[in-house]
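Me: Please take a close look at a single part of this structure. Then set that part against what else can be said about the chain.

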Amino acid sequence: MSSLSRELVFLILQFLDEEKFKETVHKLEQESGFYFNMKHFEDLVQGGEWDEVERYLSGFTKVEDNRYSMKIFFEIRKQKYLEALDRHDRAKAVEILVKDLKVFASFNEELFKEITQLLTLENFRQNEQLSKYGDTKSARNIMLLELKKLIEANPLFRDKLNFPPFKSSRLRTLINQSLNWQHQLCKNPRPNPDIKTLFTDHSCAAPTNGARAPPPANGPLVGPIPKSAGFPPMGAHAPFQPVVSPSPNAMAGWMTNANPSLPHAAVAQGPPGLVQAPNTAAFLKHPRTPTSAPVIDYQSADSEHLMKRMRVGQPDEVSFSGASHPANIYTQEDLPKQGVRTLNQGSNVMSLDFHPVQQTILLVGTNVGDIGIWEVGSRERIAHKTFKVWDIGSCTLPLQAALMKDAAISVNRCLWSPDGTILGVAFSKHIVQTYTFVPNGELRQQAEIDAHIGGVNDIAFSHPNKTLSIITCGDDKLIKVWDAQTGQKQYTFEGHEAPVFSVCPHYKESIQFIFSTAIDGKIKAWLYDCLGSRVDYDAPGHWCTTMAYSADGTRLFSCGTSKEGESHLVEWNETEGAIKRTYNGFRKRSLGVVQFDTTRNRFLAAGDEFLVKFWDMDNTNILTTTECDGGLPASPRLRFNREGSLLAVTTSENGIKILANTDGQRLLRMLESRAFEGSRGPPQQINTKPSIVPLGSVSNVSSPIAVNTERPDRMLPSVSTSGLAPMDASRTPDVKPRITDDSEKIKTWKLADIADSGHLRALHLQDTDTNPSKVVRLLYTNNGIALLALGSNAVHKLWKWQRSDRNPNGKSTASVAPQLWQPANGILMTNDTNDGNPEEATACIALSKNDSYVMSASGGKVSLFNMMTFKVMTTFMAPPPAATFLAFHPQDNNIIAIGMEDSTIQIYNVRIDDVKSKLKGHQKKITGLAFSQSMNVLVSSGADAQLCVWSIDGWEKKKSRYIQPPANRSGALVGDTRVQFHNDQTHLLVVHESQLAIYDGNLECLRSWSPRDALPAPISSAIYSCDGLLVYATFCDGAIGVFEAESLRLRCRIAPSAYIPPSILSCAGRVYPMVVAAHPMEPNQIALGMSDGKVHVVEPLDADPKWGTAPPQDNGAHPAISAAPSAASNQASDQPMR
């Protein structure tokens, strides 16, 4: 349905409501699915009209659509069931149980059993959980509050809860205008036309005396005659707006007095392509498919009803994140509210900032001028600097005088550069200092800038000239830009009439600009041209205000406090310079200047009233609050880490509280366990500096020959391949290796060789298919409780672990068999095969962040499946060429890198069905793709055994290199090559049948391992463990090798006899793992997809929960880059995926 048709429905709804056709109004709301009338829904619920409640809901969602919908229907049916029990109407209760509630049994069998047992009770309130159930009316009201929260959080209701604002009787007005227009075009217009019908066009009858009538006047129905120029062209209301080319006036709307003649070349260039120019912002915030582009055909879904909703609204994560509708659907549980750490800084914390890459590293500045760097996971302060002037002789006289008069100095702001290699500190007197951050925790002085007269109130980093600059503002009413490396001044901006309080740099396309706020409440915006401010607006509160963009750069917010203590948190329409949304929930008199932060493109947080308050960006009311177990100041300072899993909050006792969500708690637990392991390392590492734990993307998606990085969004704790394993500290420059100790270890260490099934725990997953096809892709879901396999016949299979007495947490384990899961409709999740043979195709797969959707291909079109219903939501990218690899852009889920069979890589925008770039550099099909967010690159690998590095900014090729054959192989290598970035985002695992190799970001091979000795067969697949400490490799003879990720030293060998049943081993033909998948949270659990179609889960025994012990280093040295393989590796074997 077009945009105009949709608007017509709203006009009809208004007309029906004004004419009191109440039932018809609600019927049209339901059938169109455009507007969910919450008031009508509340009336139905409070009246207990349950059939009508579900009928009305059915116009917008169904039970199986997503978890929010399922919960909505469950709560309604549960209430209906309890009311029947309360009336002692057992027959009705049984009917509801069988007809309405049984559908939920497949999702939570234990809960269904518990509900069934209520029938046996005389009064269901005897159940402990229902003991507080009151009367029917109060129970309905309580349930209604929960339903409203679920509906507001449900993405299927987004944009459907608010009726569009337009004037009353709008349809009647439009008809009047149409009649006026028709009357104006009459050949013989009468002064008082008699309009009797709307079914035909109006035309006045000719005068009987032949005289021409005077110009028409307005009759009682007819409104004023519109001017022709006032009618917009139909294109303005077309269903899809065209993309507007960037205008030279790059600050349209905000910068109303911008110089229209200013060419783009005059503006300092920045990273292009990540964000569009402001005059196209409205389009990009709500991207739409151009009418000329092929529209994604959602009608491929089985349900016509579902297709209707997806066409007019935003689907649950199918949209791949527009600015207003992120791809991820977050709930309150995703907010970090659980206190997990308290750090004692020793003085009042004035500023704090998490490292952008190593997301448990926290930078802190205090009121006595100190800065500290904390490793939140280990609770260690790994760096500390007290304030001092590095070169007092080079300081200006005003600064020297200020320091002599009062030596006290405070940190006003400290923050990291975008890549985390530099940190900047702004002080309350004149000075800005920058340090280089070394990963071992060392801070090296870089630049000291005498920046402003008086205090330096804020700093920020930007790239106006493709080099890193630092922006400062101060009490002298000036804004200055400096080279972050040398401290040389680049720009000065004058125009504020009061001290400048904050700066917020940003860019749209290649247009770089800075927002600034002063303590008189003025907001100004500047281009890097020194031509003066382009904006002069008033901030709410007219005093101290800070501004910040959402992480994706599409939404602008500000938070400020007036002199009277009134605080204002607002979202701006930056194209118009107007406030778009004002958030409620501040006390009338805030005790201090309220600070705020954003996370996940979805949530806002502010410190006020001794609390941390949270808002959903799309809802003006407070979402939730937390006291952090007390101890907070009136207006605590706060900061999220990049992924939003941790939140640092200042305390009233010179400390910092760390709050975490589930992901954050898991991350910290892993760091704690790793610190414990490190404490058992060699004695010489006691005095070494603590290692820094980088964070990055890790994937557990597996495929033959190597792992793919199709889920770069998962951020897990990791260890830099430069060293965190216990033996690494023995290689630091300060500590000499203890040769005698290492020699003893070499003598006593023995490779763990597991050949018996009693020495590990292995589980063969049950399958109803009597003749399964080989498993070509295998992955764990992000929550770690299910396995998804893709067979060479293009059919997916999903196993889920259920809660039970043996497995009360429902976690994945080799001790309890999971259930082969299928939806109630019984359909299979099968890829399009383009009438070809799927067995010969290269399969690829990627899973959404919330496990709701999977994107997959097996030689045909790329299909998008709903993981709950197994239905095809849409298909795209029809061959030829066929897709061979999928990887999501780490910063924009709209963008997918698709490796193709014709050796190209297509950078594809799913939302607008458009190929942004086509990358050419390989000679054979693409077999691997991996993004590094910290290096801002995409690495590709192909069947030509070539690696290519592409810049994410402009998609140009930066470097390429062919992997080198081992010493026992001659000639150039061919065959599938896979790549996966380590969690540190700089080291790269490269997997080929002939070798495992670790490369750095410059494609220099640091070390490699080739099949030999205990593992002579070709490599079929390999993957990092979730913590980045191990590499699991599978071989074409069925063996599995467990390697140290740091050194590629073998620590454990698992023979096929240890996990493959003897009945299968004794059969003719070779069975081996084609793919290996690493559990996303359990570093010692793996899953194996076999050549005979079976899937096995393998993990160590509880008595020995790790795969062997770490092999000792030879005197602290790494092995040779290319160790000589044995001749056994030359044996003939079938090549996988040829």
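Reply:
**A close look at β15**

Strand β15 (residues 511-518) is mostly covered, as eight of its eight residues are buried. Strands (E, at least two residues) and helices (H or I, at least four) are DSSP runs, numbered from the N terminus; buried means under 20% relative accessible area, exposed over 50%, and partly exposed in between, with a 1.4 Å probe and protein chains only. The model is predicted, so local features need pLDDT of at least 70 and side-chain atom pairs count only at pLDDT 80 or more, while totals for chains, interfaces and linings use all residues. Residues are numbered from 1 along each chain as its sequence is written, and side-chain values use heavy atoms, with hydrogens and water left out.

The side chains of β15 divide between two directions. Ile-511, Phe-513, Phe-515 and Thr-517 point one way, and Gln-512, Ile-514, Ser-516 and Ala-518 point the other way. Residues on both sides are buried, and the polar Gln-512, Ser-516 and Thr-517 are among them.

β15 belongs to an open sheet of four strands, in the order β14-β15-β16-β17 and with antiparallel pairing. (Two strands pair if DSSP finds at least two bridges between them.) The edge strands of this sheet are β14 (500-508) and β17 (537-538), each of which pairs on one side only.

On one side of β15, eight bridges join β14 to β15, and the two strands run antiparallel. Within that pair, Val-500 stands opposite Ala-518 in β15. On the other side, β15 and β16 pair in the antiparallel sense over five bridges. Here the bridge partner of Ser-516 is Lys-524 in β16. β15 and β16 also form a hairpin, with three residues between them; in the turn, Gly-521 has a positive phi of about 85°.

The sheet continues from β16 (residues 522-527) to β17, with two bridges between these antiparallel strands. Lys-522 stands opposite Asp-538 in β17.

A second hairpin, elsewhere in the chain, can be set beside this one. Six of the six residues of strand β35 (residues 775-780) are buried, so β35 is largely enclosed by the rest of the structure. Five bridges join β35 to β36 (residues 786-791), and the strands run antiparallel. Arg-777 has Leu-790 in β36 as its bridge partner. There are five residues between β35 and β36 in this hairpin, and Gly-784 in the turn has a positive phi of about 75°.

For the chain as a whole, the secondary structure comes to 15 helices and 62 strands. Of the 1138 residues, 57% are buried. Among contacts (heavy atoms within 4.5 Å) between residues at least 6 apart in sequence, 58% join residues at least 24 apart.

The helices come into view with the largest nonpolar core, which has 42 residues. Such a core is a set of buried Ala, Val, Leu, Ile, Met, Phe, Trp, Tyr and Cys residues joined through side-chain atoms within 4.5 Å. Phe-36, Phe-41, Leu-57, Tyr-81 and Leu-101 have the most contacts inside this core. At least two of its residues come from each of α3 (38-46), α4 (50-57), α5 (67-86), α6 (90-101), α7 (109-117) and α8 (136-153). α5 gives the most, with ten residues. Apart from this core lies another, of 23 residues, including Leu-760, Ile-1023, Ile-1064 and Leu-1088.

Leu-57 is also one of the buried residues of α4, which are Trp-50, Val-53, Glu-54, Tyr-56 and Leu-57. These residues lie on the same side of α4 because they cover an arc of only 160° around its axis, the arc being that of the directions from the helix axis to the C-beta atoms. What covers them includes α2 (22-32), α3, α5 and α8. Leaving aside neighbours within four places in sequence, Leu-57 is in contact with Phe-36, Phe-41, Ile-72, Phe-73, Ile-76 and Phe-157.

Some single residues remain. Gln-182 lies in helix α9 (residues 170-184) and counts as buried because its relative accessible area is 18%. Beyond its neighbours within four places in sequence, Gln-182 is in contact with Asp-201 and His-202. Two cysteines are buried as well: Cys-395 has a relative accessible area of 10%, and Cys-1026 is at 3%. The structure holds zero disulfides, a disulfide being a pair of cysteine sulfur atoms within 2.5 Å.
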